[in-house]
Amino acid sequence: MNVRAWLALLGAVAVALAAVGEARRLAARGSRGRRFFRHGTASGGLFVLAFFTTVAAAAPLVAPYPPSSMPEIVALQNAPPSLAHPLGTDVYSRDVWSRLVYGARVSLGIGALAMLVAVTLGAAAGAVAGYARRWVDPVLMRLVDVGLSMPRIFVLLMVVALWERLPVSALVLVIGLTGWFGTSRLVRAEVLSLREREFVAAARALGARPARIILRHVLPNVAAPLIVSAALGIGSVMLLEASLSFLGIGVPSPVPSWGNMIADGKDHLATAPWTSLFPGLAIAIVVMALNAVGDALRDALDPGQETA
Amino acid sequence: MTEPLLRVRDLKTYFVTERGGGTARAVDGVSFDVYPGETLGIVGESGCGKTVTSLSILRLIPEPPGHILSGSLIEFEGRNLLTLRPPELRAIRGNEVAMIFQEPMTSLNPVFTVGDQIAEAAIVHQRLPRKQARARAIEMLRLVGIPDPEERVDHYPHQLSGGMSQRVMIAMALVCHPKLLIADEPTTALDVTIQAQILELLDRLQAELGMAVLLITHDLGIVAGTSDRVVVMYAGQVVETAATPELFAHPLHPYTEGLMAAVPRIDTRVSQVRGRLHTIPGQVPAASGWPAGCRFHPRCPYAWDRCTAEEPPLLDAGRGEPGSHAVRCWLLTEPRRRTPQA
Ligand SMILES: Nc1ncnc2c1ncn2[C@@H]1O[C@H](COP(=O)(O)OP(=O)(O)O)[C@@H](O)[C@H]1O
Ligand SMILES: [Mg+2]
């Protein structure tokens, strides 16, 4: 590992620390921000997310080697961590740290994008169902019941089996399309109670159209639970991606994802545990960080504590 | 004589309750007029159908379970609001007829600034650009007497007191200078001193903007100082209507008498004010089971057998102009019964 890569790694840590510091400074101004950082794990979680995001964004700088280069397939196979390869190499002599860095792009990217798709769909479906009632609500909610009662991993296996090699963008879409059911229920429940609130009646009395009432008056009030569920959801999407990739049907192999890195190392756990251990750790740390931030957000955005 | 701004005729709003509990006849044949620039007070205890009446005017009743029966008429400047198509109706809501609600704290959207809420109607109806909308909001805040409007415009509802919130609600409702303001118990949720300030504000704004006000309250005392005419409601019906001075000088319906006896006088202590409505024995029955005959008879000190058997129509009291003072009570036909039997 060369000087440039070490410096870049230090830089990433510095950027993450600076981001957390700036967030704390901004947060100290409002009661919400103060409640957010009252959680002991919030700063740590935020740091982890900022660090991995920076690393993913600056992957070519941070990674000492190209993620798929196999310098010496025999001599460097499953080499333990060393100065040249801080996290060791895998069975194809690829640098685990470099793959981890590029894998962050894939795993975090899939998590965030798929969650975005799911949250958007869920919010739209939930808002329409909750506000429209009449026949729209029962139809949408039966659909959601069906979606929730199907084991997701089998649905994904089925879909994936229909394609020979699924491009990553399609994977994102499929995960997103099968992940909005829970969100839509959450949003519908919120909208059902919000629509009875007097400020919605007041908006109707002002002459606002139904679309405007949903989008402008109702949905912003759902933002808090939506953000929380999205933060927690990214973690579960990342785990799902890891499972799929581990099963060999997620991200296709030469492209590194944390899931398929674990899969690549699974046959050498006894001799080269680092090949699976480090991507596994990365997933665990990021998922924990997301949960910590999600919990802190839940408290921070809880309107019940608004006057505090 | 001028044409009324709002004509309500035989308004019936029923709710079909679940579990086969029957139909709640919340508003059951209500008629009244509101003339340009005047204040009409609607008075009655809680549960008499005042809110349902006011919501029916702008067709804000949740359907289902509610529905307005055909045969009802709500005419605003000659247009029947009950047959308007939704876009035409929305063009009237908040623009020509505006409403303020009882609970100022919950009627404001917690996630919007004061300025955004006030500007909403102007944005909806006049497509006001953002910048101008903000300027208009500040102007409205000044109009309703909120200090430091440039600062307040960016505050959120939870930063406001109850009286302040009600001022903001009023500002919201008046942005488009409506011709009619419907105020449903605008001061009930507020402290007594704040109440007086809000009523004063409404009075001043009405004079400045030349609008009519439909003031709904359970408190005859509020009506006395603000309204030109009064409609007394009981059990979904109008039981008495008269000009305010006439009503206070010659209340004819026993229910009106009861309400009047309950109005705290200046020398009444706060502790007595608390229990003020208890001077009429019993309470308003549920809207799904109005009593047969005169709906007030179970609580009426004068009731006799005719009252339990026959529902009285709204009778002209024969005082002043025909129709100016009307009462739904059989006593009008047998005035000597007014002295309660010992
Ligand atoms: N959404 C509804 N569903 C069923 N009944 C209702 C509904 N809204 C009002 N009511 C009934 O209508 C009657 C009149 O209510 P309301 O107009 O709120 O009285 P007020 O405003 O005079 O206190 C009450 O008996 C109430 O139970
Ligand atoms: Mg009411």
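# Exercises on a predicted model

Helix α1 (residues 50-57) of chain B contributes three residues to the shell around ligand 1, the most of any contributor. The structure is a predicted model.

## Exercise 1. The surroundings of ligand 1

Task: Determine which residues surround ligand 1, and how the shell divides by class.

Solution.

Step 1. List the shell. Ligand 1 is surrounded by B:F15, B:A26, B:E45, B:S46, B:G47, B:C48, B:G49, B:K50, B:T51, B:V52 and B:A287.

Step 2. Sort the shell by class. Five of its residues are nonpolar, four are polar and two are charged.

Step 3. Examine the oxygen atoms of the ligand. One lies 2.6 Å from a backbone N or O atom of B:G47. For B:K50, a backbone N or O atom is found 2.9 Å from an oxygen atom of ligand 1. In the case of B:T51, a polar side-chain atom is 2.6 Å from an oxygen atom of the ligand.

Step 4. Consider the cover. On its own, ligand 1 has 560 Å² of accessible area, and the protein covers 68% of this.

## Exercise 2. The buried face of a helix

Task: Identify the buried residues of helix α11 (residues 210-218) of chain A, and explain why they line one face of the helix.

Solution.

Step 1. Name the buried residues. In α11 of chain A they are A:I213, A:I214, A:H217 and A:V218.

Step 2. Look down the helix axis. The buried residues of α11(A) fall within an arc of 120°, and therefore they line one face of the helix.

Step 3. Find what covers them. From chain A, the cover includes α5 (96-132), α9 (181-194) and α10 (198-205). Chain B takes part as well, through α4 (114-126).

## Exercise 3. Two residues with positive phi

Task: Locate B:H177 and B:E185 in chain B, and decide for each whether the residue is buried, partly exposed or exposed.

Solution.

Step 1. Note the backbone angles. Phi of B:H177 is near 50°, a positive value in a residue other than glycine. Phi of B:E185 is near 45°, again positive in a residue other than glycine.

Step 2. Place each residue. B:H177 belongs to the loop between α7 (162-174) and β8 (180-184) of chain B. B:E185 is in the loop between β8 and α8 (192-209) of chain B.

Step 3. Apply the cut-offs. Buried means under 20% relative accessible area, and exposed means over 50%, with partly exposed in between. B:H177 has a relative accessible area of 46% and is therefore partly exposed. B:E185 has 6% and is therefore buried.

Key
Residues numbered from 1 in each chain as written. Chains lettered and ligands numbered in written order. Predicted model: local features only at pLDDT ≥ 70, side-chain atom pairs only at ≥ 80, totals over all residues. Heavy atoms only, no water. Buried < 20%, exposed > 50% of the residue type's maximum accessible area, 1.4 Å probe, protein only. Helix = DSSP H or I, 4+ residues; strand = E, 2+ residues; numbered from the N terminus. Arc of directions from axis to C-beta. Contact = heavy atoms within 4.5 Å. Near = heavy atom within 4 Å. Polar contact = N/O pair within 3.5 Å; in protein donor to acceptor, adjacent residues only side chain to side chain. Areas by Shrake-Rupley, 256 points an atom, 1.4 Å probe, with all protein chains shown as cover. Nonpolar A, V, L, I, M, F, W, Y, C, P; charged D, E, K, R; others polar.
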